[in-house]
Amino acid sequence: MHPFRRGGRRPVRQLLSLLIAGSLVSGCSQTMAQPQAEGTGHGGIAGGAPQPPKDPPRAADVALAAGASRQGGGVVAAGAADASYNYGPTVMVENGRTRIWWCSQYSSAPPPGDDILYAEGPSADGPFTGPGGGAPPAVLSGAPGNFDGMHTCDPSVLRVGGTYFMYYTGAAGDHALGNAIGMATSPDGIHWTRSNGGKPILGASHDVHRANVYGAGQPSVVFLDGWYYLMFTDTTGRAAGWNGAGQFVVRAHDPAFREGVEALGEKGFEPTATTAAPRTRSVVDAFSVDLEWVGALSAFAIAHETAEGTTITFWDRDFTMQPYKPVVIPGAWKEGPGLVRRPDGHAPTSVSDPCDLVSLDVVRATEIGPTGAPTGLKHFGLDVKGAGGCSTPSRSMATFDGVAMPSPDRMIDLYRRGERIRIDRRSVAAVLAGELVDRPLPQVPEAPVKTRLRSGATIVHAYGRGYGIVLDGQLYGLPDTTIVPLNGSGVQEIDPQQWDGAARGLPLGG
């Protein structure tokens with residue numbers, strides 16, 4: 001939806017020793033199917049895990065060597081015949097396929113208003129079809145009587161663990177400052193359930209009322225180091241431009257942004273009691289942008305449209321400086337781009353040159369359709385070199401964070417914040433990793449195996465804390481319970497005090 005368009009308790013040590021020995025009798029708890037997003041806490045993702053080292057001081061505005069731009073052969077995705085517009089995509093590369101969700105409208109998907117469609121294909125060049133090869137289905141439509149009663153649009157989709165999170169713009173009617181951001185969860189990216197009781201997770205701040213009455217929307221979300229970073233438009237934000245353009249950022253360990261929210265302001269990220277706190281800093285003067293984290297560059301990349309095409313603007317981890325000069329992906333456009341990203345919102349790793357080369361690819365609308373709305377989704381991209389992703393230990397950590405690859409003994413090695421974790425089952429690694437590559441990458445720095453996640457290892461759950469797994473005496477946080485059946489595991493309920501007293505390992509979900 002565009003701003004200018006309608007549209008009896010055991011002691012902790014005893015518990016851990018029993019887990020390590022494998023002698024606990026475990027069974028699946030009734031809470032095991034519940035994603036962390038709907039619990040009162042977010043497991044080990046947020047709590048107590050060591051944080052990555054800060055990058056050393058770095059130069060600003062470094063020029064990257066940009067290769068020749070590329071473009072797909074034509075329209076890669078569209079709705080069925082009555083879908084007169086197609087725009088605002090989010091694109092995910094996952095386990096050998098490319099998945100795309102975007103904004104359109106079907107007369108067969110009531111109520112009349114924007115719908116979110118879904119398709120999948122072999123690459124960003126398509127062709128994209130619905131599951132099984134048919135027409136792309138509408139997977140989220142308006143819910144009459146709610147804030148999103150007429151329109152659902154502008155999806156941004158992540159997968160953390162086995163849970164998919166969709167952030168989207170919702171509206172009950174025409175703008176009038178009514179646009180807000182909602183969230184839904186899914187086990188497969190196709191069947192969605194609204195979260196937060198069907199209420200928005202973020203609305204307009206109402207700092208300033210301008211002629212542009214769009215409100216808040218156009219979310220883009222990245223999961224990094226246990227934080228969900230949400231970038232969005234708010235035409236009422238204090239730091240927005242005269243026309244409402246601007247992009248604001250909040251972050252939280254809670255994917256629904258109900259608690260522990262920090263907002264990006266003039267002094268960096270600061271705690272705020274509400275997602276509606278004044279918007280005092282915009283990071284780019286634009287509408288309809290997309291965000292990703294580029295590990296090899298140790299930087300966020302923001303894709304936004306300018307006269308030349310899609311401009312990629314870079315910010316460091318804290319949004320305090322811009323380490324690289326912008327690069328431009330040229331070509332026709334009519335609506336904001338969707339970056340081709342990993343499930344966690346990171347840029348895919350180059351298997352040929354992971355330390356130095358980064359591929360930047362987008363799918364964007366390129367023409368105006370018969371209803372006056374953007375359509376013609378096409379793929380564009382280019383490569384940049386000179387990343388220096390292995391130039392320092394901290395840069396190497398960022399480059400390979402979340403990447404899993406085959407180990408010499410037919411298991412899978414997951415690299416997480418400089419540690420190597422060996423996993424027995426490939427299916428488990430695929431859930432916990434941001435990306436699973438098919439062959440070992442020789443550029444990965446040597447690192448001893450920190451621990452091993454064995455088949456059948458017991459998973460623990462503590463009310464208000466979440467789920468975790470004890471490996472070599474340390475409690476590693478899990479994002480959800482997806483690996484329970486995949487790993488042949490059971491779930492053991494423990495007391496929150498036992499959870500809090502345990503030695504803490506890394507969160508395995510990010």
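**A tour from Leu-453 to Thr-280**

Begin by selecting Leu-453, which, once its neighbours within four places in sequence are set aside, is in contact (heavy atoms within 4.5 Å) with Arg-422, Ile-423, Asp-424, Val-428, Leu-432, Ile-469, Leu-471, Ile-483, Asn-487 and Leu-508. The model you have open is predicted, so local features need pLDDT of at least 70 and side-chain atom pairs count only at pLDDT 80 or more, while totals for chains, interfaces and linings use all residues. Residues are numbered from 1 along each chain as its sequence is written, and side-chain values use heavy atoms, with hydrogens and water left out.

Next, widen the selection to the largest nonpolar core, which has 25 residues, and in which Leu-432, Leu-453 and Ile-469 have the most contacts. Such a core is a set of buried Ala, Val, Leu, Ile, Met, Phe, Trp, Tyr and Cys residues joined through side-chain atoms within 4.5 Å, where buried means under 20% relative accessible area, exposed over 50% and partly exposed in between (1.4 Å probe, protein chains only). The elements that each supply at least two residues of this core include strand E24 (412-416), helix H4 (426-432) and strand E29 (466-471); helices (H or I, at least four residues) and strands (E, at least two) are DSSP runs, numbered from the N terminus. Helix H4 gives the largest share, five residues.

Now move to Thr-280, in the loop between strand E15 (268-271) and strand E16 (290-294). Thr-280 is partly exposed, with a relative accessible area of 24%, and its side chain makes a polar contact with the side chain of Glu-266 (3.0 Å).

Terms used:
A polar contact is a pair of N or O atoms within 3.5 Å; within protein, one must be able to donate a hydrogen and the other to accept it, and residues adjacent in sequence count only if both atoms are side-chain atoms.
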